Structures are given as structure tokens and as C-alpha cells.
Amino acid sequence: MIIILICLAGGLALSALFSGAETGFYRIPRLRLVLDALQGDHIAKGLLWFTRHPTFFVATVLTGNNLANYIISASIVALVYYVLVGPNELVAILASSVATPLVFVYAELLPKTVFLHRPDRLLRPVSPLFFAFGALFLPLTFPLWILGRVLAWLAGESSERWETSLARRELKRILGEAKAAGVLRPVQYRLAEAVFELGTVPITQFAVPPESVPAVDEGISLEEALATAAKRKAPELLLWQSGSQRAAGYVRTIDLLLRGSKALGQPRPLLNLPAAHSALEALVHLVQADEPWAQVEESGRRVIGLVSRQKLVGLILSRPVENQPAL
């Protein structure tokens, strides 16, 4: 009798552990885990490892919950047989049916609710036990990890992309809480939101055809270049290489106006960016290099378009703000 009750209590405790840890894991701020891990916190390092290998975490939770449910069911049946001094399938089924809602409320729903509101405070004490079960279930979870990697490879997904997406959602949640608390003004929140959106959009979406950019050929006279700049109202002019689809660089109109000679002079080098970059990555490179334009290249150094720093900055600053006029 005592062994049966111990198994029943142990099954309920395991169910509460894995159900609560699952909610707490997805609720705990990932940014806080990173900062704690950098300070040498071993629990934070372990949880951060699970965020980078989500298949292991999901497989551990599912295996643990299934084990807990099996122990609970077997303990209830054994308890019925012990009380009735013999097997009685009908009573065992009725007892399991009555116990199921209680198990769901107190061993799954209640732990999830508690961990939802206090993820960091509750997840840390149970993490060593969760890590121990993770190592114990490794013979079962490792094949699932292999299967997950194969499916991710076939679908074109990667763990780095999942991790980046998780970090982005976490930062957006933090910014949302900061806005609700009044730490961020609406305009600041909208600017941050626009930056996040630029991080998910490929730079090719904002690349313009080379022929649409104000440009002149190499060897043109200074007067012709100034006339083109005045006609197109362009602060910069691209210089195209003779017989090539690539730009040799660019010249600034202000430099042409201040130049004493009749020649265009040495063009400024043009920044080259791979097409795989996001719009935010392209903007960071343009700002760091203090360049107004960049060529977007595919594999083989084929230019597919040009992107403007002014346009990317305008995408951020032109976002409308709630309860305020558009910027």
C-alpha cells in the first residue's frame, strides 16, 4: 500500500515537474539566460543549451510526461486492486476516469499556471532534476534529435534561424512590456518595431535596378556630370565602367562643385553586399562604412541591384506612431 502511494505521488510530482518546466522554459527571458550564463551561472548555461537544441528539450518533456502518466495510471489501478483485494477492471476504469480531471488540474494545469507567472524563480530549483532526467532519457531523445535534424535539413530550416527567431520574439516582448510600463514612448517603440521588421526582410526586396540610379559613364567631362546631377537632383552619381555592368564607384555632387580641375577625379569605392543579407544588416554596413549606396551581389559577383542608405533609414523613420502624427 505504501509503495503504491509513493509511486502515485511520484508520478504526480513528475507530471508537475515536466508540465511546469515546459511552460517556464518558454516563458523565462532568454536575454536574462544569456547574461547569467556570461557570469558563469551553470543553470543558465544548461537552459541556454536547451534553447539551442530545442529537439532535446521537447523530447525530454514528452518522454517525462508519458512516463509520469503511465506511473499514475498504473498506481491507480494497483490501488483499486489492493482495496478490492483482487482485480476489477470496471472499477479500475471508473477510478481512472474520475482521477483524470484531478490529475489534469493539479499535476498539469496548476503547475503550468504557477510557472507561467514565476518562470525564473521556479525553473531554477527544478532545473538540476530536469537536467538529470534529460541525461537519463538520452537513449530515447537522441534518435528524435537525429530525426529532427534530418527534417529541418529537408525543410531548409536551421537551429540558428530558430534561435534568432526566439531571441527576436523575446526582445519584442521586452519592448512591449517597457512600452506598457511607460519606459518607452510610442515613437520609440514603433522605431524599434520597424528595426525588427527590417531584420526579417531580405535586402533584395529594396534593391533598385542599376539603370534607375543617377549615373554617368567613366571619362565624361565635369560639366556633363554636373548637368546630369542637376537634372536628376542627385547628391551622388555612379560611375559605370566602360563595357561592364558594374559600377566603378561614385562621386559626390558637392565634390564636383568644389573641384578646381575639369576632370571628375578618382571615384569613391562602392560598397558590395551579398544578396543573402537582410535589410537591417545592409543598413548597419552602410552606416558603419558611411556610404550612401551599395551594390547587391548574387553568387558569382553578379550585380542584381543597388540599395540606398537613405531609403532604408526612411523606412524606419516613416513608420506611423499610435496617437501621434506620422514621422
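**Reading the strands and a surface patch**

Mentor: In this predicted model, Leu144 is found in helix α7, which covers residues 138-155.

Trainee: Why is Leu144 called partly exposed?

Mentor: Its relative accessibility is 40%, and because the class in question lies between the limits of 20% and 50%, Leu144 counts as partly exposed.

Trainee: What makes Leu144 eligible for a nonpolar patch on the surface, and which residues form that patch?

Mentor: A patch residue needs over 30% relative accessible area and no salt bridge, and the 40% of Leu144 satisfies the area condition. The patch is formed by Leu138, Phe142, Leu144, Ile146, Leu147, Val150, Leu151, Trp153 and Leu154, with about 900 Å² of accessible area together.

Trainee: How do you know that β2 and β3 pair, and in which sense do they run?

Mentor: Pairing requires at least two bridges; strand β2 (residues 236-240) is joined to β3 by 5 bridges, so the two count as paired, and they run antiparallel. Within this pair, Leu237 stands opposite Val251 in β3.

Trainee: What makes β4 and β5 a pair, and what is the sense of their pairing?

Mentor: Set against the requirement of at least two bridges, β4 and strand β5 (residues 293-298) have 4 bridges, in the parallel sense, and Leu273 stands opposite Val296 in β5. Helix α12 (residues 279-289) packs on this sheet, touching β4, β5 and β6, and its direction makes about 160° with that of β4.

Trainee: What is the strand order in the sheet that holds β4 and β5?

Mentor: The order is β4-β5-β6, in an open sheet of 3 strands with mixed pairing; β4 (271-274) and β6 (302-308) are called edge strands because each pairs on one side only.

Technical notes:
Residues numbered from 1 in each chain as written. Predicted model: local features only at pLDDT ≥ 70, side-chain atom pairs only at ≥ 80, totals over all residues. Heavy atoms only, no water. Patch = residues over 30% accessible without salt bridge, like charges linked within 9 Å, V, L, I, M, F, W, Y side chains within 5 Å. Areas by Shrake-Rupley, 256 points an atom, 1.4 Å probe, with all protein chains shown as cover. Salt bridge = Lys/Arg side-chain N within 4 Å of Asp/Glu carboxyl O. Buried < 20%, exposed > 50% of the residue type's maximum accessible area, 1.4 Å probe, protein only. Contact = heavy atoms within 4.5 Å. Axes fitted to C-alpha atoms, helices over the stretch in contact; angles between N-to-C directions.
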